[in-house]
Amino acid sequence: MAAQKINEALEHIAKAEKYLKTGFLKWKPDYDSAATEYGKAAVAFKNAKQFDQAREACLREAEAHENNKAYLFIEAYEQAGMMLKEMQRIPEAVQLIEKASMMYLENGTPDTAAIALERAGKLIENVSPEKAVQLYQQAASVFENEERLRQALEMLGKASRLLVRGRRLDEAALSLQKEKSIYKEIENYPTCYKKTIAQVLVHLHRNDYVAAERCVRESYSIPGFNGSEDCAALEQLLEGYDQQDQDQVSEVCNSPLFKYMDNDYAKLGLTLVVPGGGIKKKSPNATQDKARGPAAVGSHADEEEDEYSGGLC
């Protein structure tokens with residue numbers, strides 16, 4: 001089967017080269033027909049799992065389309081990138097897809113450009129998260145310019161999570177602020193609350209209590225935030241952090257509100273430690289005495305005094 005497909009591909013290559021030849025009665029190459037044959041050859045090579053030859057055929061298809069001033073050459077570059085992906089040559093694949101996306105932009109199809117950038121970001125995310133962040137941010141910028149804000153937010157969200165995962169917390173704080181601003185613009189206020197929680201966790205991991213507190217304070221202007229469950233939890237979290245009460249901080253961060261956030265932000269909560277290591281957990285007796293009040297504490301002390309009033313004998 002593979003040999004048959006390879007022979008089929010070679011036949012298409014031969015036809016393509018014939019279309020490109022010129023002679024006494026043929027002054028101009030037939031780029032359109034040649035591009036079609038190269039495209040068929042690429043598919044046949046791909047089916048035979050000859051990805052390097054498929055990539056080469058895609059590039060020759062792209063060249064023929066470009067010589068013919070046809071828009072399809074950009075798609076051929078992108079397909080060549082996907083062949084490199086099959087060969088696990090990810091950085092080279094991303095480079096070609098990124099080139100295709102720039103061409104899409106130049107040819108007036110920004111949506112297709114942004115989708116190509118997202119595809120490139122997904123490809124390289126596990127190999128180079130830094131490059132993936134850059135690609136997602138570029139895609140977000142293109143979508144935002146086209147006023148496709150929901151798609152822009154999806155790209156920004158991916159970038160923010162990767163920045164948190166890579167402990168690039170200063171950049172993550174800025175990315176989350178950008179997300180929150182757009183969510184506020186489209187009046188998705190409940191998601192703004194969640195982004196505020198993520199921001200606060202990032203700032204506290206940066207050891208910047210002032211920025212975390214300011215973040216909550218500024219969020220009071222978001223409709224419905226003041227008095228919400230999110231607001232109350234954040235106020236409790238900041239209070240515990242300020243008082244170095246690790247128990248209170250851990251209680252908030254282990255609540256469902258925090259634990260069921262995106263995994264990267266939930267981890268920030270679970271690993272948050274107050275400055276100085278926090279205070280020790282209150283003893284059960286102290287907690288019970290506090291619940292019973294001063295009178296009960298006094299009574300307990302009296303009982304102990306009575307027990308030893310007659311001496312040890």
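1. Lining of the largest pocket. Helix α4 supplies five residues to the lining of the largest pocket, the largest share of any element. The space in this pocket comes to about 180 Å³. Its lining holds 13 residues, and those closest to the centre are Gly39, Val43, Cys58, Glu61 and Gln79. The elements that contribute two or more residues are α2 (31-47), α3 (51-67) and α4 (72-86). By class, the lining residues divide into seven nonpolar, three polar and three charged. The model is a predicted one, and the pocket should be read with that in mind.

2. Overall make-up. The protein has 17 helices and zero strands. Of its 313 residues, 43% are buried. Among contacts between residues at least 6 apart in sequence, 56% join residues at least 24 apart.

3. The nonpolar core. The largest nonpolar core contains 88 residues, and Val200, Leu237 and Phe258 have the most contacts inside it. The element that gives the most to this core is helix α8 (residues 149-165), with nine residues. For Val200, the contacts beyond four places in sequence are Ala212, Cys215, Val216, Leu234, Leu237 and Leu238. Leu237, itself among the residues with the most contacts in the core, is thus also listed as a contact of Val200.

4. Thr196. This residue sits in helix α10 (residues 189-205). Is Thr196 buried or exposed? Thr196 has a relative accessible area of 0%, so it counts as buried, the cut-off being under 20%. Leaving out residues up to four places away in sequence, Thr196 touches Lys180, Cys215, Val216, Ser219, Phe225 and Leu234. Cys215, Val216 and Leu234 also appear among the contacts of Val200.

5. A tilted aromatic pair. A search of the whole structure gives three aromatic pairs. In one of them, the ring centres of Tyr193 and Phe225 are 5.6 Å apart and the planes stand at 55 degrees; the pair is called tilted because that angle is neither under 30 degrees nor over 60. Tyr193 belongs to helix α10, while Phe225 is in the loop between α11 (209-219) and α12 (229-242), so the pair links parts of the chain that are 32 residues apart. Tyr193 is buried at 10% relative accessibility. Phe225 is buried too, with a relative accessible area of 0%. Phe225 is also one of the residues that Thr196 touches. Together with Tyr220, the residues Tyr193 and Phe225 make up one aromatic cluster.

6. A stacked aromatic pair. Which arrangement do the rings of Tyr209 and Tyr241 take? Their centres are 6.1 Å apart with 5 degrees between the planes, and the pair is stacked. This pair also links distant parts of the chain, with Tyr209 in helix α11 and Tyr241 in helix α12, 32 residues apart. The two residues fall in separate accessibility classes: Tyr209 is partly exposed, with a relative accessible area of 22%, whereas Tyr241 counts as buried at 4% relative accessibility. The class of Tyr209 follows from the cut-offs, because 22% is not under 20% and not over 50%.

7. Two residues with positive phi. Most residues other than glycine have a negative phi. Where are the residues that have a positive phi near 65 degrees placed? Gln88, with phi near 65 degrees, is in the loop between α4 and α5 (90-106). Glu187, with phi near 65 degrees as well, is in the loop between α9 (169-185) and α10. Gln88 is exposed, with a relative accessible area of 62%. Glu187 also counts as exposed, at 57% relative accessibility.

8. Lys5. This lysine lies in helix α1 (residues 2-20). Lys5 has 17% relative accessibility and therefore counts as buried, since the class takes values under 20%. Apart from neighbours within four places in sequence, Lys5 is in contact with Ala44, Asn47 and Ala48.

Definitions and conventions:
Residues numbered from 1 in each chain as written. Predicted model: local features only at pLDDT ≥ 70, side-chain atom pairs only at ≥ 80, totals over all residues. Heavy atoms only, no water. 1 Å grid on protein atoms, 1.4 Å probe; cavity = no way out; pocket = protein on both sides within 12 Å on 5 of 7 lines; lining within 4 Å. Points joined across faces, edges and corners; volume = space filled by probe spheres on them. Helix = DSSP H or I, 4+ residues; strand = E, 2+ residues; numbered from the N terminus. Nonpolar A, V, L, I, M, F, W, Y, C, P; charged D, E, K, R; others polar. Buried < 20%, exposed > 50% of the residue type's maximum accessible area, 1.4 Å probe, protein only. Contact = heavy atoms within 4.5 Å. Phe/Tyr/Trp six-rings, centres within 6.5 Å; stacked < 30°, edge-to-face > 60°. Core = buried A, V, L, I, M, F, W, Y, C linked by side-chain atoms within 4.5 Å.
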